[in-house]
Amino acid sequence: MLIDPDGWLLAEIEYKQPTAALLKQAGDAERVLARRDAIVQLGSKSPSDDIMATLTRILRSDPMSGIRSAAADALAELGGEDARDSVMVGLVDSDPNVRNRVIYALGSFEGDEVAYTALERIATSSELDALRGSAIDAASMVDPERAASLATSNISRRSEKYTIETDAFTALRRTNDHDLIPTAMRYARPGNPTAIRTGAVGLIGAVANFEKDELTRHRYSLELEKYLDDRNMNF
């Protein structure tokens, strides 16, 4: 039974269904919202062969990109090596937006060597700058320390709309590495592209937030204060 299948009601509806019903709804429901809702709910279940097979099939071959993306997210929620392998099916999806969601789904497998290696390969070889940047960011979720060198080596790139550089700075914010401050200060200076300066200022703030030494925190604060009167409205 579908409740509000078209999403017209302004309400939060909690309706728990048996797994068998969700599996059928995810694959066969006529309404897209109903299928997506079932996929999301399957991601919160305990992993089973039926759930894994259904979500993998949807990710591999469903005609709707949004549904394929939802399947990638649900598989990531399930976790485990089997789910990781299923998520990787989506790396060859024809839609770059789906591949982007798959990349971030892989980022949820913290400490997973296979996931990190796949993301590192995309970060260094993808023809799409947006996907390379996302892979750097997602790799830092899997292993922040290993991804730091990957991110640092990409800061000086000049990608389309600075997507790679921006994601590289986002990745570095997860490292709590005080040695990055001089680099961040250099890229925060006027003369650098706005997107890069914004990322650099964000990195300074992130590292400062982890700093416990009061004098060092004060020094970082003074550095950030320089940009309070900056004409760049993104700061």
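Two rings of Phe, Tyr or Trp count as a pair here if their centres lie within 6.5 Å, and the pair is edge-to-face if the planes are over 60 degrees apart. By that rule this predicted model has 1 aromatic pair. The protein is built from 13 helices and 0 strands, so a quick tour goes helix by helix, with a stop at one pocket and a few loop residues.

**The overall picture**

- From the N terminus on, the element string is simply α-α-α-α-α-α-α-α-α-α-α-α-α.
- Taken along the principal axes, the C-alpha atoms fill a box of roughly 60 × 40 × 35 Å.
- Of the 235 residues in the protein, 46% are buried.
- If you take the contacts between residues at least 6 apart in sequence, 58% of them join residues at least 24 apart.

**The aromatic pair**

- Phenylalanine 169 and tyrosine 187 have ring centres 6.1 Å apart, which is within the 6.5 Å limit, and planes at 75 degrees, which is over 60, so the pair is edge-to-face.
- The two partners are 18 residues apart and link distant parts of the chain: phenylalanine 169 sits in helix α10 (residues 163-172), and tyrosine 187 in helix α11 (residues 181-188).
- Phenylalanine 169 has a relative accessibility of 1%, so it counts as buried.
- Tyrosine 187 is buried too, with a relative accessible area of 13%.

**Helix α10 and what covers it**

- Most of α10 is covered, with 7 of its 10 residues buried.
- Those buried residues are Ile164, Glu165, Asp167, Ala168, Phe169, Ala171 and Leu172.
- The cover over the buried residues of α10 includes α6, α8 (129-142), α9 (144-152), α11 and α12 (194-210).

**Helix α1 and its two sides**

- Helix α1 (residues 19-28) has Leu22, Leu23, Gln25 and Ala26 buried.
- These residues span an arc of only 165 degrees around the axis, so they sit on the same side of α1.
- On the face turned away from that buried side, α1 carries the exposed residues Ala20, Lys24 and Asp28.
- Helices α2 (32-43) and α3 (49-61) are among what covers the buried residues of α1.
- Aspartate 37 is found in helix α2, and its relative accessible area of 39% makes it partly exposed.
- From aspartate 37 to glutamine 25, the C-alpha to C-alpha distance is 8.8 Å, with their positions 12 residues apart in sequence.

**The second largest pocket**

- The second largest pocket holds about 150 Å³ of space.
- Its lining is made up of Leu91, Val92, Arg99, Ile103, Arg121, Ile122, Ser125, Ser126 and Leu131.
- By residue class, the lining of the second largest pocket splits into 5 nonpolar, 2 polar and 2 charged.
- Both α6 (96-106) and α7 (113-125) supply at least two residues of this lining.
- The biggest giver to the lining is α7, with 3 residues.

**Loop residues with a positive phi**

- Most residues other than glycine have a negative phi, which is the background for the next two entries.
- Tyrosine 162 goes the other way, with a positive phi near 60 degrees.
- Tyrosine 162 belongs to the loop between α9 and α10, and at a relative accessible area of 29% it is partly exposed.
- Asparagine 176 is not a glycine either, yet its phi is positive at about 55 degrees.
- Asparagine 176 is placed in the loop between α10 and α11, and its 31% relative accessibility makes it partly exposed.

**Arginine 146 in α9**

- Arginine 146 is a residue of helix α9, and with 34% relative accessibility it counts as partly exposed.
- Setting aside neighbours within four places in sequence, arginine 146 is in contact with Glu113 and Tyr116.
- Isoleucine 58 is 88 residues from arginine 146 in sequence and 32 Å from it in space, C-alpha to C-alpha.

Conventions
Residues are numbered from 1 along each chain as its sequence is written. This is a predicted model: local features need pLDDT of at least 70, side-chain atom pairs count only at pLDDT 80 or more; totals for chains, interfaces and linings use all residues. Side-chain values use heavy atoms; hydrogens and water are left out. On a 1 Å grid over the protein atoms alone, a cavity is a set of points where a 1.4 Å probe fits but cannot get out, and a pocket is an open set with protein on both sides within 12 Å along at least five of seven lines; lining residues have an atom within 4 Å of a point. Grid points are joined across faces, edges and corners, and a volume is the space filled by probe spheres set on the points. Helices (H or I, at least four residues) and strands (E, at least two) are DSSP runs, numbered from the N terminus. Ala, Val, Leu, Ile, Met, Phe, Trp, Tyr, Cys and Pro count as nonpolar, Asp, Glu, Lys and Arg as charged, and the others, Gly among them, as polar. Rings of Phe, Tyr and Trp (its six-membered ring) pair if their centres lie within 6.5 Å; planes under 30 degrees apart count as stacked, over 60 as edge-to-face and the rest as tilted. Buried means under 20% relative accessible area, exposed over 50%, partly exposed in between (1.4 Å probe, protein chains only). The arc is that of the directions from the helix axis to the C-beta atoms. Contact means heavy atoms within 4.5 Å.
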